[in-house]
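Colleague: Before we go through this model, could you explain each label as we come to it and set the values against the definitions?

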Amino acid sequence: MLSFSSDYIAGAHPDVLKALVDTNLESMAGYGNDIYTQKAIEKIKKEIDKPDAQVYLLTGGTQTNQIVIDTMLDDYQGVISATSGHVNVHEAGAIEFSGHKVLTVDTVDGKINAKTIRSYLELFYKDGSYEHMVFPGMVYISYPTEYGSLYSKKELEDIYSLCKEYQMQLFIDGARLAYGLMSDECDLTMKDLARLCDVFYIGGTKCGALAGEAVVFTHNNQPKRFNTLVKQRGAMIAKGRLLGVEFDALFTNGLYYEIGKIGIDKAKKLKEILASKGYEFFMKTSTNQQFILIENKKMEELAKKVDFGFTQTYDENHTVIRFASSWSTTDEDLKLLEECL
């Protein structure tokens with residue numbers, strides 16, 4: 001089966017896997033106290049030019065989103081998210097399960113903007129009964145978004161400025177960060193990203209690692225006793241070396257950016273193939289996810305040979321589906337897809 005269903009269908013990038021194999025028999029301390037985890041943390045702090053940043057390695061995106069939101073919010077607070085946001089749609093209510101409501105706002109091309117957030121906040125505080133409601137304590141966005149779109153530096157500056165005005169925190173989900181940063185439309189760096197939020201994470205699972213996300217608290221603002229809080233939530237991995245070795249490799253010789261560039265280059269070819277075959281784009285993106293509008297019968301026929309992602313029902317006869325490229329996408333994959341289409 002030819003698969004373009006996601007960006008984590010393969011295992012680890014060969015360089016990451018080699019690092020794991022090469023260090024496999026080394027005896028190391030557990031729980032992230034190994035030398036490779038410390039090296040990875042220092043490399044990430046240097047990359048974002050924030051020596052006072054605090055970095056913690058976790059194993060997956062949903063786990064990371066839940067722990068960051070749960071530990072950074074007070075019990076009575078919720079998190080503002082796009083209606084299409086991952087924490088709202090595809091995490092099985094993990095945020096609500098931890099006791100925090102996801103407060104949704106409308107989007108434009110998968111993004112929320114400062115104007116929409118301000119309107120939400122103004123309406124909230126105008127309500128004389130707001131003390132009986134869920135307080136907005138954080139804004140959650142993804143870079144790239146669930147629809148592959150990107151926030152500009154100006155858009156992030158506006159959102160972060162608004163967050164500070166209302167004493168809220170800004171959390172950026174970077175599950176696909178490598179592909180966002182290497183997009184032709186990206187106008188910011190990882191240093192900019194770190195400057196324009198309170199916490200973000202560097203996605204590994206979808207960007208060359210077997211598993212792992214690097215959470216970065218950007219202003220020496222990691223929650224008190226964070227190690228203990230992580231362990232309470234069953235998320236502390238004993239063999240922390242797994243994540244440390246991976247991120248040490250990802251941030252050696254620019255590998256993380258190289259991985260992102262491969263995924264973007266393959267996405268450009270993917271987009272050309274879809275266009276040449278006459279497929280209608282639901283929305284065009286410059287990242288590694290491409291969304292097309294397809295007639296249902298044609299979709300059923302295509303599904304016999306190609307694995308793709310379901311995005312949403314468009315109408316009774318059409319569906320929006322997603323094709324994702326990654327570092328593991330090959331020219332042969334693209335050639336076979338072109339033949340299938």
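Colleague: Which residues does lysine 111 touch, not counting residues up to four places away in sequence?

Modeller: With contact taken as heavy atoms within 4.5 Å, lysine 111 touches Asp106, Thr145, Ser149, Leu150, Tyr151 and Glu155 once residues up to four places away in sequence are set aside. This is a predicted model, in which local features need pLDDT of at least 70 and side-chain atom pairs count only at pLDDT 80 or more, while totals for chains, interfaces and linings use all residues. Residues are numbered from 1 along each chain as its sequence is written, and side-chain values use heavy atoms, with hydrogens and water left out.

Colleague: What makes lysine 111 count as buried?

Modeller: Its relative accessibility is 16%, and buried means under 20% relative accessible area, with exposed over 50% and partly exposed in between (1.4 Å probe, protein chains only), so lysine 111 counts as buried. The residue sits in the loop between β4 and α6, where the element names follow DSSP runs numbered from the N terminus (helices H or I of at least four residues, strands E of at least two).

Colleague: Where is aspartate 109, and is it buried, partly exposed or exposed?

Modeller: Aspartate 109 is in the loop between β4 (102-105) and α6 (114-126), and because its relative accessibility is 47%, it counts as partly exposed. Its phi is near 55 degrees, a positive value in a residue other than glycine. Tyrosine 31, in the loop between α1 (14-22) and α2 (35-47), has a positive phi of about 60 degrees although it is not a glycine, and with a relative accessible area of 44% tyrosine 31 is partly exposed.

Colleague: Why would one single out such values, and which peptide bond is cis?

Modeller: Most residues other than glycine have a negative phi, and most peptide bonds are trans. The bond from tyrosine 143 to proline 144 is cis, with omega near -5 degrees, and proline 144 lies in the loop between β5 (135-142) and α7 (153-165).

Colleague: How do you know which residues line the largest pocket, and how much space lies in it?

Modeller: On a 1 Å grid over the protein atoms alone, a pocket is an open set of points where a 1.4 Å probe fits, with protein on both sides within 12 Å along at least five of seven lines, and lining residues have an atom within 4 Å of a point. The volume is the space filled by probe spheres set on the points, which are joined across faces, edges and corners, and it comes to about 600 Å³ in the largest pocket. The lining has 30 residues, of which His86, His90, Glu146, Arg176 and Lys206 are the closest to the centre. By class, this lining has 8 nonpolar, 15 polar and 7 charged residues, with Ala, Val, Leu, Ile, Met, Phe, Trp, Tyr, Cys and Pro counted as nonpolar, Asp, Glu, Lys and Arg as charged, and the others, Gly among them, as polar.

Colleague: What is the volume of the second largest pocket, and how do its lining residues divide?

Modeller: The second largest pocket has a volume of about 330 Å³. Tyr31, Gly32, Thr37, Tyr56 and Asn227 are the closest to its centre among the 18 lining residues. That lining divides into 11 nonpolar, 7 polar and no charged residues, and β2 gives the most to it, with 4 residues.

Colleague: What makes a set of residues a nonpolar core, and which members touch the most others in the largest one?

Modeller: A nonpolar core is a set of buried Ala, Val, Leu, Ile, Met, Phe, Trp, Tyr and Cys residues joined through side-chain atoms within 4.5 Å. The largest has 61 residues, of which Val139, Phe200 and Ile202 touch the most other members. Apart from it lies another core, of 22 residues, among them Val68, Val79, Val199 and Val215.

Colleague: Why is the pair of tyrosine 147 and phenylalanine 291 called tilted?

Modeller: Rings of Phe, Tyr and Trp (its six-membered ring) pair if their centres lie within 6.5 Å, and planes under 30 degrees apart count as stacked, over 60 as edge-to-face and the rest as tilted. By this rule there are 18 aromatic pairs. The rings of tyrosine 147 and phenylalanine 291 have their centres 5.5 Å apart and their planes at 40 degrees, so this pair is tilted. Tyrosine 147 lies in the loop between β5 and α7 and phenylalanine 291 in strand β10, so the pair ties together parts that are 144 residues apart in sequence.
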